[in-house]
Amino acid sequence: MTKKLSLFCFLFFKIMPVCFANKPDSVYLLSYTTSKSNNTNGLHFAWSQDLTKWESVGNEFTFLWSDYGRWGTQKKMINPYVILGRNNEWECVWQLNEQDHAFAHASSNDLVYWGRQSYPVLNKGVNCLQPIIWYNASADNYTVVYKSNDGKCYAVSTTDFKSYTPAAEVAPAAYNDESITAIIDGVTVKGQMHKVAWAVVQKLNQTYEASSFKRTENSETTVQHAQRFAELKLVDVKLSLLPAKAKAISDMLLGIFFEDINYAADGGLYAELIQNRDFEYSLADKEGNDTAWNSTNSWSVKGTGTAFTIDSVSPVHKNNLHYAVLKTVTTGAALTNTGFDGINVKKGDQYNCSLFVKRNIGRGNLLIKLVGNNNVVLSEAVVNASTSSWKKISVVLTSSADAKDAYIALLPLSAGSLSLDMVSLFPKNTFKARPNGLRADLAQTIADIHPRFVRFPGGSVAHGDGLGNIYRWKNTIGPLESRKPQRNLWGYHQSAGLGYFEYFRFCEDIGAEPVPVLAAGVPCQNSAVGGGGQQGGIPMNEMDEYVQDILDLVEYANGPVTTEWGKKRAAAGHPKPFNLKYIGIGNEDLITDIFEERYTMILRAMKQQHPEITVIGTVGPTFEGTDYEEGWRLADKLSIAAVDEHYYQSPGWFINNQSFYDKYDRTKSKVYLGEYAAHLPGRPSNIETALAEALYLTALERNGDVVTMSSYAPLLAKEAHTQWKPDLIYFDNAVVKTTTDYEVQKLFGQNSGNEYLPAEVIISSSQDAVKKRIATSIVRDTKTGDVIVKMINLLPVATTVTIDLKGINIANTSAIKTVLAGKPADTNSRPIVSSISIGQTFTASLADYSFTVVRIKTRE
Ligand code: AHR
């Protein structure tokens, strides 16, 4: 079916039935929720002509969700109360939970699109239950009355839902709830009844119908292909270059998203082998009741005669309070650390071992042992541990054998008391042999993508779980013992050993632009800590300091060594500037007034002080909805250079939305697609997800004039410590395991261009579904002159593509062809490189479910 015909059928069969000729002028509309899923079901509508028989719009389709507090458990809408207010604007208030002293509010002019949510905090009562609202036409203001557990009722009034009068106690009679009850689909619900024009219900129905049509279309997977494409035979594609239409595209299109999720940093890319080296693990790092997650985690004493305790008096540094104390009565026992699921060492490799030591009682040495399988000692060294104040000691241990589950043992060689901190075991062989560097194999796997930029440190980690958890770059630089470790919102610990200096250095080492992302003065809206999420923005009287922190980052990265922050960079070993050009502000934030105030401050300061830096804003966690719309509105208002879009969607979504950016206004902000991935049920990475992403990446190349950057997310996941799937690269202590989706990123990264060469595409099939599953893109890399043709076939049949390279002077009669192919569920397919004969016109056969790249040398 052609696109036009399928749209016609959709409109005719799905929407037209509600446009019947004999329609009522007006009907009753009920706004309500159900208490399903612990009150997280949002706002629904039902309509009736006679107040008896109610028809629910889309069987409890949700038109408004609450966005207050923690994902999954706290985003509740209890007792929504909807009225029609000033200028035909709909106002909705609702209860958030049983304890908080706030209610929620949102407005809409059509009941479909709802604006920003706000959560006004109240000054009276114990909590805020069952808020109701009415409009006082004579005073042109609104009154919200709520109940409280102290048995009283309170009222506030407002004209704009931004500022409210202080809550005042009112008589219970003032609580004038005009809700009615109705039976909808056999269930009795309570809601507000409104008399509305039929067109209002019609629009609600159309919204539901369009949404369910899209949901069905986007949930299609390759499982349906056998039936869907049963009649399909070989498809022919003709591709004729239109060289006159060539356009410049971004040369930064493909980069990487690095976040410390899934143990990506400590225990992952950061090469440190000792877990909890600083004894700073704390129960607060975890949301659960993991009592073993404390200062002693991963440490234990083997043998008897030595007691191991934790102390915090006179620490090595005030940011690193806890340390180990060993009280030895009889020698022989050792304090041991098993690393992150064991320590993986290689025969002949050298390891830098360092620690801070302080003798409390007695004198004597410390024996350091690296112990492998069957308690075989792989290396050992004796160090003097008689110092009476903290002293850093370093030795090199060379392993005599391979071992996957080695551990380190620290044995006091005399009786007495000894304090130890910052116990580190670091491979000498880090990526590019950097001290305090990165795990070589993992870093190389990332470098192989040829990313043009690295985004760090998140993701959600950048804006953090509650105000106190916002990632502060200044806490992550300087000597390791002075860095401030903190809870990772993914439920573990960040040592900050991999900090801003190391991120910048890694970018330089792989020739990628650094793209740090900083919080917009608000923590994650899904915060569990602090309650209620993002309405706890950084207090305005602290915002100047926060803005200064961001300005200081530019000085740290780029400033002369004579400046305060440039000097710190030089002290870390990098006097030359890092040449920072981009900064991201905000990550998927809820766009509220609280957000806007802080975001605007930061953006204005950056524009004023550092117009040379491209600032990237944020437009919410998905490709539509309030935060996306409001985020874009703000981007227009503030003339932001680029915005960060995120969407994790089904392969069907990527297939059906290839034209997403074709419609984008080229005069507005550019787009950084900062997080995306194709998600199938079960979250595998396979040929189906990889090809859906490849197909979409060709659409990004086509739109490379407006989409200037993109990064798949997340990047890394340590097996057995994975909070989020799928990821691009999995690993354990010894092995790096790439995915099919990684291969796609690598093929695009290694075959990027800075000029897009449009082509006329003629596909032999007239089926829209077939056309959508074949994608092509031709780019030129003007540095090498190479022309690169990318072709994706997401169909169960082979495809033949005839390519007419009109206007291109090919240099050779053969080109390099790389093919990634397999069955949709295959997880182990890897690219195969061969050569292909080419001419000015040539034919390439695309296997079913395949991605082919042909790289062609050209001459002037
Ligand atoms: O990529 C994983 C998470 O997804 C990121 O931390 C967050 O920005 C998004 O919700």
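**Cysteines, ligand shell and domains in a predicted model**

By the sulfur-distance rule, this predicted model has a count of zero disulfides.

Q: Why is Cys 153 not counted as part of a disulfide?
A: A disulfide requires a pair of cysteine sulfur atoms within 2.5 Å, whereas the closest cysteine sulfur to that of Cys 153 belongs to Cys 128 and lies 11 Å away, which is too far for a bond.

Q: What makes Cys 153 count as buried or exposed?
A: The label buried applies under 20% relative accessible area, and Cys 153, with 7% relative accessibility, therefore counts as buried. Cys 353 is treated by the same cut-off, and because its relative accessibility is 1%, Cys 353 also counts as buried.

Q: How do you know that Ser 460 makes a polar contact with the ligand?
A: A polar contact is a pair of N or O atoms within 3.5 Å, and a backbone N or O atom of Ser 460 is placed 2.8 Å from a ligand oxygen atom, so the pair satisfies the cut-off. Side chains supply further pairs: an N or O atom of the Asn 587 side chain is 3.0 Å from an oxygen atom of the ligand, and for the side chain of Glu 588 the corresponding distance is 2.9 Å. The ligand on its own exposes 280 Å², of which the protein buries 93%.

Q: Which classes of residue make up the shell around the ligand?
A: The shell holds five nonpolar, three polar and three charged residues. Among the residues around the ligand are Phe 257, Trp 490 and Pro 714, which count as nonpolar because Phe, Trp and Pro belong to that class; Glu 259 and Glu 675 are also in the shell, and Glu counts as charged.

Q: What makes domain 3 and domain 4 separate entries, and how many residues of each are in contact?
A: The domain assignment gives domain 3 as 256–265 + 433–750 and domain 4 as 283–429, and their centres, taken over C-alpha atoms, are 35 Å apart. The contact between them takes 23 residues from domain 3 and 19 residues from domain 4.

Conventions. Residues are numbered from 1 along each chain as its sequence is written. This is a predicted model: local features need pLDDT of at least 70, side-chain atom pairs count only at pLDDT 80 or more; totals for chains, interfaces and linings use all residues. Side-chain values use heavy atoms; hydrogens and water are left out. A residue is near a molecule or strand if one of its heavy atoms lies within 4 Å of it. A polar contact is a pair of N or O atoms within 3.5 Å; within protein, one must be able to donate a hydrogen and the other to accept it, and residues adjacent in sequence count only if both atoms are side-chain atoms. Accessible areas come from the Shrake-Rupley method with a 1.4 Å probe; for residues, only the protein chains shown count as cover. Buried means under 20% relative accessible area, exposed over 50%, partly exposed in between (1.4 Å probe, protein chains only). Domain bounds come from an automatic or database domain assignment. Contact means heavy atoms within 4.5 Å.
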